Amino acid sequence: MSEGKDLLQVLWSGADVLRGKMDANEYKTYLLGLVFYKYLSDSYLTKAYDLMNDNMPDDLEEAQAAYEEIMGSDDAKELLAELQESLHYTLDPNMTYVSMLKDAKNNCFNREKLQAAFNRIEESDELFNGLFADVDLYSNRLGTGDQKQSATVAEVIRVLDGADLIHTEGDVLGNAYEYLIGQFASETGKKAGEFYTPHGPAQILCRIAMTGQENKKGLQVYDPCMGSGSLMLSCRNYSAEPNYIKYYGQELMPSTYNLARMNMFLHGVLPENQHLRNGDTLDADWPTDEETEFDVVTMNPPYSANWSAAEGFKQDERFMDYGGKLAPKSKADYAFLLHGFYHLKQTGTMAIVLPHGVLFRGAAEGTIREILLQNGSIYAVIGLPSNMFYNTSIPTCIVVLKKHREGRDVLFVDASKLFVKEKKQNIMQEEHIDHVLELYKNRQTVEKEAYLASYDDIVANDYNLNIPRYVDTTEEEPEIDLKALTQNIRETDQAIKEGNEALLGMLKDLSFNNGTTREAVEEFIKVLEEV
């Protein structure tokens, strides 16, 4: 069994401990929080041992023993200073996962100790502020009363002991964490749209946004509706210099924002490359004072959300160049799109997932779309299968945008039939994803799949981008062979006649004990003889 599979099984067993006590949207917080705490603690002990002995420990117990010993010596202060500088946090010996596990195995686990460890990490550096705020160790959902609640947390700690988070290769841990987030998304259904974009759309979106930028060192990726950060982190998979990518992300929900921060660390992203913020993207622009334009913009915003559309936004630089129009109050789709586009570099690519309504709705949205098309900003429109996302079954599309390019043509791709059905969701497999990318990169008309529309085509369609106007996927009805049809009808009639005659023969051979039954059958025989 592979290391990754092993790790997934252990982590998923942790979910089993909590599954009966609360819904997935709540227990994801406990499990993902405890996995992250174990990762920080195990990394800490390993680093401490390495600083003391200039090599890796055989196991965490050895590292814990060495750490306990040095903490009672004069060298403790110097070691703690080095650990704080390199990891940005410190832990007392009794705050480590190894120490908690020992207590859990001896049935003397005290959640006050775990809370103290959480507090210490959060206070060590602003990087970790409020990181464990949602992991409520005193919640009634863990059980009734102190003993049961402590026992539940202790059980999760014991189960997670099977997960070796230090010796995992490459992105195994980050990918396992990503897998867990995806599993929780499928269990939580509607609420999951807040924090996760399914694999198929995520890969298409990131591969498109990364096309032509794969070798750029110091690439800057931006997602102003980042959820768990999975879209931004997917961009790493397509970069030749993944360790130099800088991530800029904003998220409205505090618990989801914390999840994104954990996700970054577990994917090995250095603190200096993480620029994440908890805030409302449309309400106030961010970022405004550091980097403000990015190579890659990825977005899967909430669909047709409400926003204020206040008059003041008409003077906002993000929205002011679109004919004095704002996205409607009840449909913020274009507000999100224009926000992301404003932050795109002249040489960059933006890819955003939105409902199909943005392609054809009129009024203010029609005006905004027309100006984007006149400017050559819309580069491609890709129709995805329906029922791809956890929070909606409606079909969605990916809109690709670029700044100041030659030409105003738009590539349309209809990928609505590229999926397999799996449980509740439709899934795009690797061959589907590869095929969409091939159509995108070739940028040519392919019958029933893609159409490269000239600007004149778009004007002729009154700036309506509804995909069926450009990609005709209708199948012609086969011509009917009247001669063959006539022959079929004759043969069917003959077969019915023969069948009726056979049935009549059988009915006439019947004998009856009951006069009522005989009358009913004779009546039936008359009907058959008339046919």
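**Exercise 1. Locate A309 and describe its backbone and its surroundings.**

Solution. Step 1: A309 is found in the loop between β4 and α12 (333-342). The model under study is a predicted one.

Step 2: The phi angle of A309 is positive, about 50°, although the residue is not a glycine.

Step 3: The relative accessible area of A309 is 15%. Buried means under 20%, and A309 is therefore buried.

**Exercise 2. Determine where N107 is found and whether N107 counts as buried or exposed.**

Solution. Step 1: N107 belongs to the loop between α5 and α6.

Step 2: Its phi is near 55°, a positive value in a residue other than glycine.

Step 3: The relative accessibility of N107 is 70%. Exposed means over 50%, so N107 counts as exposed.

**Exercise 3. Describe how helices α5 and α6 pack, and name the residues that make the contact.**

Solution. Step 1: Two packed helices are described by the angle between their axes and the distance between the axes.

Step 2: Helix α5 covers residues 97-105 and helix α6 covers residues 111-124; the angle is about 170° and the axes are 10 Å apart.

Step 3: An angle over 145 degrees counts as roughly antiparallel, and α5 is therefore roughly antiparallel to α6.

Step 4: On the side of α5, the contact is made by S99, M100 and D103; on the side of α6, by K113, L114 and A117.

Step 5: Sorted by class, the contact of α5 with α6 has 3 nonpolar, 1 polar and 2 charged residues.

**Exercise 4. Carry out the corresponding analysis for helices α3 and α4.**

Solution. Step 1: The axes of α3 (residues 60-71) and α4 cross at roughly 125° and come within 8 Å.

Step 2: Angles over 145 degrees count as roughly antiparallel and those from 65 to 115 as roughly perpendicular. The angle here belongs to neither range, so α3 is oblique to α4.

Step 3: Helix α3 contributes Y67, I70 and M71 to the contact, and α4 contributes A76, L79, L80 and L83.

Step 4: By class, the residues of the contact of α3 with α4 are 7 nonpolar, with no polar and no charged residues.

**Exercise 5. State how many aromatic pairs the structure holds, and characterise the pairs F36 with F265 and Y89 with F128.**

Solution. Step 1: The structure holds 20 aromatic pairs.

Step 2: In the pair of F36 and F265, the ring centres are 5.8 Å apart and the planes are at 45°, which is a tilted arrangement. This pair links distant parts of the chain: F36 is in helix α2 (residues 24-53) and F265 in helix α11 (residues 254-266), 229 residues apart. Both F36 and F265 are buried.

Step 3: In the pair of Y89 and F128, the centres are 5.6 Å apart with 90° between the planes, an edge-to-face arrangement. Distant parts of the chain are linked here as well: Y89 is in the loop between α4 (76-87) and α5, whereas F128 is in the loop between α6 and α7 (145-160), 39 residues apart. Both Y89 and F128 are buried.

Step 4: These four residues belong to a cluster linked by ring pairs, which also includes Y37, Y39, Y44, Y67, Y97, F118 and F132.

**Exercise 6. Identify which lysines lie over the rings of Y97 and Y244.**

Solution. Step 1: Over the ring of Y97 sits the charged end of K38, 5.0 Å from the ring centre.

Step 2: K217 lies over the face of Y244, at 4.4 Å from the ring centre.

**Exercise 7. Describe the environment of V296.**

Solution. Step 1: V296 is found in strand β4 (residues 294-299).

Step 2: The relative accessibility of V296 is 0%, so V296 counts as buried.

Step 3: Leaving aside neighbours within four places in sequence, V296 is in contact with residues including A209, M210, L219, V221, Y222, C235 and T349.

Step 4: V296 and C206 are 90 residues apart along the chain, and their C-alpha atoms are separated by 8.7 Å.

**Exercise 8. State which residues are joined by a cis peptide bond, and where P287 is found.**

Solution. Step 1: The cis peptide bond joins W286 and P287, with omega about -5°.

Step 2: P287 is found in the loop between β3 (274-278) and β4.

Definitions and conventions
Residues are numbered from 1 along each chain as its sequence is written. This is a predicted model: local features need pLDDT of at least 70, side-chain atom pairs count only at pLDDT 80 or more; totals for chains, interfaces and linings use all residues. Side-chain values use heavy atoms; hydrogens and water are left out. Axes are lines fitted to C-alpha atoms, for helices over the stretch in contact, and angles run from 0 to 180 degrees between N-to-C directions. Helices (H or I, at least four residues) and strands (E, at least two) are DSSP runs, numbered from the N terminus. Angles under 35 degrees count as roughly parallel, over 145 as roughly antiparallel, 65 to 115 as roughly perpendicular and the rest as oblique. Contact means heavy atoms within 4.5 Å. Ala, Val, Leu, Ile, Met, Phe, Trp, Tyr, Cys and Pro count as nonpolar, Asp, Glu, Lys and Arg as charged, and the others, Gly among them, as polar. Rings of Phe, Tyr and Trp (its six-membered ring) pair if their centres lie within 6.5 Å; planes under 30 degrees apart count as stacked, over 60 as edge-to-face and the rest as tilted. Buried means under 20% relative accessible area, exposed over 50%, partly exposed in between (1.4 Å probe, protein chains only). A charge sits over a ring if NZ of Lys or CZ of Arg is within 6 Å of the ring centre and within 35 degrees of the ring normal.
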